Amino acid sequence: LRHNLPQSADPPAMLHGDVGAGNFMADKGRLTAILDWELAHAGDVHEDLAWLWTRGAHSAFGDPRQRIAEYEAAAGRRLDPDRLAWHVAFVTFKSVLGLQRRMHGQGDDPGLFIILVAIIAYEALLCAALGRLTGMEMDLLGEEPVERIGEAVRLIDLSRTLARPVNREGELLHAYLRAEAAQQQGNAERLREDMQRHLGTHPDALNGLIDDAAPDRFPALLRVLGAACGRRCRASPNAERRVRRALAIGLGGNMRGDRP
């Protein structure tokens, strides 16, 4: 993000800071209010439109590209595709940080599994958004998962037999834990292969590369991370569904060509 920071002579604009379907109220098809202004600030108009686009991965609000075209018609200006792509990556990064903070917060939180699903999906989308800034596209969900039924999977199945989940969330959590356990070994093997092929090193070096990689290594690093995040999505149908929805509205493609 820092190496691709967009430059503009435009004056700062008033931004909502959290644009999405859940913050609009409507009555009989007419907009009546916009809610939740606690993140309002001065900045680049592309940021608000990026929020609208990014949140389309989990909140239907029509085709974001159509919403953007409507904004351009009303504002009498064209948005810069490069600045929009940068802000999509920026707001996706902020989303991942916020979700991780809640995931690792203190106290009981009954929504943690939903947060985990969102993290899995948005980390994959972050890789795609950052990759786009380097001029590459990734097939996030192209790999079929490799499952191995080992001791952990058998224990998870036994736990379900002894104490069946009492609601849909429990069923989803069990399915996720089982798939994660079944795919863990295969995913670890693929990560080792990708690290050696693209970065010439072992997975133990991954965290250090994320912190210190030179810009010329960003594409290879993002390719490894994007593949790993995509594989993790395949263990959660809800995360995979969000990513597929995001791909359908253009978040995984080249925004320069994505016009309604």
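**View 1. Helix α4 against helix α8 in the predicted model.** Leu116, Ile120, Ala121, Glu123, Ala124, Cys127, Leu130 and Gly131 of α4 form one side of this contact. On the α8 side, the partners are Leu222, Leu225, Gly226, Cys229, Gly230, Arg232 and Cys233. Sorted by class, the α4–α8 contact holds ten nonpolar, three polar and two charged residues. Helix α4 spans residues 112–133 and α8 spans residues 218–233. Their axes come within 9 Å and cross at roughly 150°. Because of that angle, α4 runs roughly antiparallel to α8. The crossing of the two helices, α4 and α8, is left-handed.

**View 2. The largest nonpolar core.** This core contains 58 residues. Tyr122, Leu125, Leu140, Met195, Leu221, Cys233 and Val243 touch the most other members. Two or more core residues come from each of α1 (45–54), α3 (81–103), α4, α6 (168–199), α7 (206–212), α8 and α9 (237–248). Helix α4 supplies the largest share, 16 residues. In soluble globular proteins, nonpolar side chains tend to be buried together. Cys233 appears here among the residues touching the most other core members, and it also belongs to the α8 side of the contact with α4.

**View 3. Surroundings of Met195.** Met195 is among the core residues that touch the most other members. Neighbours within four places in sequence are left aside here. Beyond them, Met195 is in contact with Gly200, Thr201, His202, Pro203, Leu206, Leu209 and Val224.

**View 4. Helix α1 and its enclosure.** Ten of the ten residues of α1 are buried, so the helix is largely enclosed by the rest of the structure. The buried set comprises Val45, His46, Glu47, Asp48, Leu49, Ala50, Trp51, Leu52, Trp53 and Thr54. These buried residues pack against β1 (13–15), β4, α2 (64–75), α3 and α4.

**View 5. Helix α1 crossing helix α3.** The axes of α1 and α3 lie 8 Å apart, at an angle of about 65°. The crossing is right-handed. From α1, the contact uses His46, Glu47, Leu49, Ala50, Trp51, Trp53 and Thr54. From α3, it uses Arg83, Leu84, His87, Val88, Phe90, Val91, Thr92, Lys94 and Ser95. By class, the α1–α3 contact has eight nonpolar, five polar and three charged residues.

**View 6. Two loop residues with positive phi, Lys28 and Asp36.** Lys28 sits in the loop between β2 (24–27) and β3 (30–34). Its phi is positive, about 55°, although Lys28 is not a glycine. Lys28 is exposed, with a relative accessibility of 82%. Asp36 lies in the loop between β3 and β4 (41–43). Its phi is about 60°, again positive in a residue that is not a glycine. Asp36 is partly exposed, at 40% relative accessible area.

**View 7. Ala33 in strand β3.** Ala33 has a relative accessibility of 25% and counts as partly exposed. Ala33 and Asn23 are ten residues apart in sequence. Their C-alpha atoms are 8.3 Å apart in space. With neighbours within four places in sequence left aside, Ala33 is in contact with Asn23, Phe24 and Met25.

Methods
Residues numbered from 1 in each chain as written. Predicted model: local features only at pLDDT ≥ 70, side-chain atom pairs only at ≥ 80, totals over all residues. Heavy atoms only, no water. Axes fitted to C-alpha atoms, helices over the stretch in contact; angles between N-to-C directions. Helix = DSSP H or I, 4+ residues; strand = E, 2+ residues; numbered from the N terminus. Parallel < 35°, antiparallel > 145°, perpendicular 65-115°, else oblique. Left-handed = near helix turned anticlockwise from the far one by under 90°. Contact = heavy atoms within 4.5 Å. Nonpolar A, V, L, I, M, F, W, Y, C, P; charged D, E, K, R; others polar. Core = buried A, V, L, I, M, F, W, Y, C linked by side-chain atoms within 4.5 Å. Buried < 20%, exposed > 50% of the residue type's maximum accessible area, 1.4 Å probe, protein only.
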